[in-house]
Amino acid sequence: MTYAEFFSKVKSEFMGADVSDVREHLAYQFNITGEAEGIFYVEVKDGELHVEPYEYFDRDAIFTCEADTLMKIADGKLDPIVAVTLQKLRVEGNIDKALKFKELVDKKKGGKKKK
């Protein structure tokens, strides 16, 4: 899988998240290693979600993993906290804000909805 194919797939997964009730600013950079290597960011700002194929310098946290790991997380097949424990996902930066990434995954259509 190429980076462009991976980014298109992961963007469509994340864009299904309802973040309309998220009032704080969250900015995550994803460094993808191995197959489909590349960088992109996910930002929640003013209740809107943005996913772009660029480096984000004013980020709260950086997640580093392989494309397959991130897709399992996005699909709800792998809990991000378990991924860190298994050393499949590395996290740097603001841990409190990084933990909110799990809530974003849970807000995807078809995923667990939290109110």
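**Exercise 1. In which loop does D79 lie, and between which helices is that loop found?**

Solution. In this predicted model, the loop that holds D79 runs between helix 2 (67-74) and helix 3 (80-85). The next step is to ask how far the residue is covered: its relative accessibility is 27%, and because buried means under 20% and exposed over 50%, D79 counts as partly exposed. Turning to its partners, the side chain of D79 reaches the backbone nitrogen of I81 at 2.7 Å, and it also makes a polar contact with the side chain of K102 at 3.3 Å. A further relation in space concerns D106, which is 27 residues from D79 in sequence, while the two C-alpha atoms are 9.8 Å apart.

**Exercise 2. Follow I81 from its helix to the surface patch that it helps to make.**

Solution. I81 is found in helix 3, and with a relative accessibility of 44% it counts as partly exposed. Together with I95 and L99, I81 makes a nonpolar surface patch of about 270 Å². The same residue I81 offers the backbone nitrogen that the side chain of D79 reaches at 2.7 Å.

**Exercise 3. Determine whether helix 2 is largely enclosed, and describe the charged pair that it carries.**

Solution. Begin with the buried residues of helix 2, which are A67, T69, L70, M71, I73 and A74. Since six of the eight residues of the helix are buried, helix 2 is largely enclosed by the rest of the structure. The charged pair consists of K72 and D68, whose side chains meet in a salt bridge with an N to O distance of 3.3 Å. Both residues lie in helix 2, four residues apart, which is about one turn of the helix. As for their cover, K72 is partly exposed with a relative accessible area of 37%, and D68 is partly exposed with 46%. Just after helix 2, G76 takes a positive phi of about 80°.

**Exercise 4. How many salt bridges does a search of the whole structure find, and which parts of the chain does the pair E24 and K100 tie together?**

Solution. The search finds six salt bridges. Side chains of opposite charge can pair when their charged atoms come close. One of these salt bridges joins the side chains of E24 and K100, at 2.6 Å from N to O. E24 lies in the loop between helix 1 (3-14) and strand 1 (26-33), whereas K100 lies in helix 4 (residues 95-106), so the pair ties together parts that are 76 residues apart in sequence. E24 is partly exposed, with a relative accessible area of 31%, and K100 is likewise partly exposed, at 27%. Another salt bridge is formed by E55 with R59, where the closest N and O atoms are 4.0 Å apart; here E55 is partly exposed at 41% relative accessibility, and R59 is partly exposed with a relative accessible area of 27%.

**Exercise 5. Describe the chain as a whole, from the order of its elements to its compactness.**

Solution. The chain has four helices and five strands, and from the N terminus on its elements run α-β-β-β-β-α-α-β-α. The radius of gyration is 13 Å, close to the 13 Å that the globule rule gives for 115 residues, so the chain is as compact as a globular protein of that length. Along its principal axes the C-alpha trace spans about 35 × 30 × 25 Å. Of the 115 residues, 44% count as buried, while the chain exposes about 6600 Å², of which carbon and sulfur atoms supply 49%. Finally, among contacts with a separation of 6 or more, residues 24 or more positions apart account for 66%.

Conventions: Residues numbered from 1 in each chain as written. Predicted model: local features only at pLDDT ≥ 70, side-chain atom pairs only at ≥ 80, totals over all residues. Heavy atoms only, no water. Helix = DSSP H or I, 4+ residues; strand = E, 2+ residues; numbered from the N terminus. Buried < 20%, exposed > 50% of the residue type's maximum accessible area, 1.4 Å probe, protein only. Polar contact = N/O pair within 3.5 Å; in protein donor to acceptor, adjacent residues only side chain to side chain. Patch = residues over 30% accessible without salt bridge, like charges linked within 9 Å, V, L, I, M, F, W, Y side chains within 5 Å. Areas by Shrake-Rupley, 256 points an atom, 1.4 Å probe, with all protein chains shown as cover. Rg over C-alpha atoms; globule rule 2.2 N^0.38 Å. Contact = heavy atoms within 4.5 Å.
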